[in-house]
Amino acid sequence: MRQVAKQCVNYGQRVQNSVFECVLDAAKFREVQHKLEKIIDVEKDSLRFYLLGNNYKNKVEHIGAKASFDVEDTLII
């Protein structure tokens, strides 16, 4: 996962060990998403993208292992 972290710091800042905040337009978001998808092993690794703003409940994207959570429940990060 070190390769994922190296890519993420190119686009934003690390806020925790495996958590990054990035402010991206739609085109840059798809670019980052595509790069990260090529790096991970979808059988073992997991990525989550939280697209903040209006209608946030419909803006959680999950790729890879581990089922996502219900965004209607309380979320503690």
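Here's a short walk through this structure, which is a predicted model.

Let's start with a pair of strands. Strand S1 covers residues 13-16 and strand S2 covers residues 19-21, and the two pair in the antiparallel sense over three bridges. To see one of those partnerships, find glutamine 16: its bridge partner in S2 is valine 19. How does the chain get from S1 to S2? A hairpin of two residues joins them.

Now move along to helix H2, residues 26-39. You can check its length yourself: at 1.5 Å a residue, its 14 residues should span 20 Å, and the end C-alpha atoms are indeed 20 Å apart, so the two values agree. Which residues of H2 are buried? They are Phe29, Val32, Gln33 and Leu36. These residues cover an arc of only 100° around the axis, which means they sit on the same side of H2. Flip to the face turned away from that buried side, and you'll meet the exposed residues Ala27 and Lys38.

One of those buried residues deserves a second look. A search of the whole structure turns up one aromatic pair. Its members are phenylalanine 29 and phenylalanine 49, arranged edge-to-face, with 5.3 Å from centre to centre and 90° between the planes. The pair links distant parts of the chain: phenylalanine 29 belongs to helix H2 and phenylalanine 49 to strand S3 (residues 46-50), 20 residues apart.

Are these two rings' residues buried or exposed? Phenylalanine 29 has a relative accessible area of 10%, so it counts as buried. Phenylalanine 49 comes in at 11%, so that residue is buried as well. The cut-off behind both calls is under 20%.

Key. Residues are numbered from 1 along each chain as its sequence is written. This is a predicted model: local features need pLDDT of at least 70, side-chain atom pairs count only at pLDDT 80 or more; totals for chains, interfaces and linings use all residues. Side-chain values use heavy atoms; hydrogens and water are left out. Two strands pair if DSSP finds at least two bridges between them. Helices (H or I, at least four residues) and strands (E, at least two) are DSSP runs, numbered from the N terminus. Rings of Phe, Tyr and Trp (its six-membered ring) pair if their centres lie within 6.5 Å; planes under 30 degrees apart count as stacked, over 60 as edge-to-face and the rest as tilted. Buried means under 20% relative accessible area, exposed over 50%, partly exposed in between (1.4 Å probe, protein chains only). The expected span of a helix is 1.5 Å times one less than its number of residues. The arc is that of the directions from the helix axis to the C-beta atoms.
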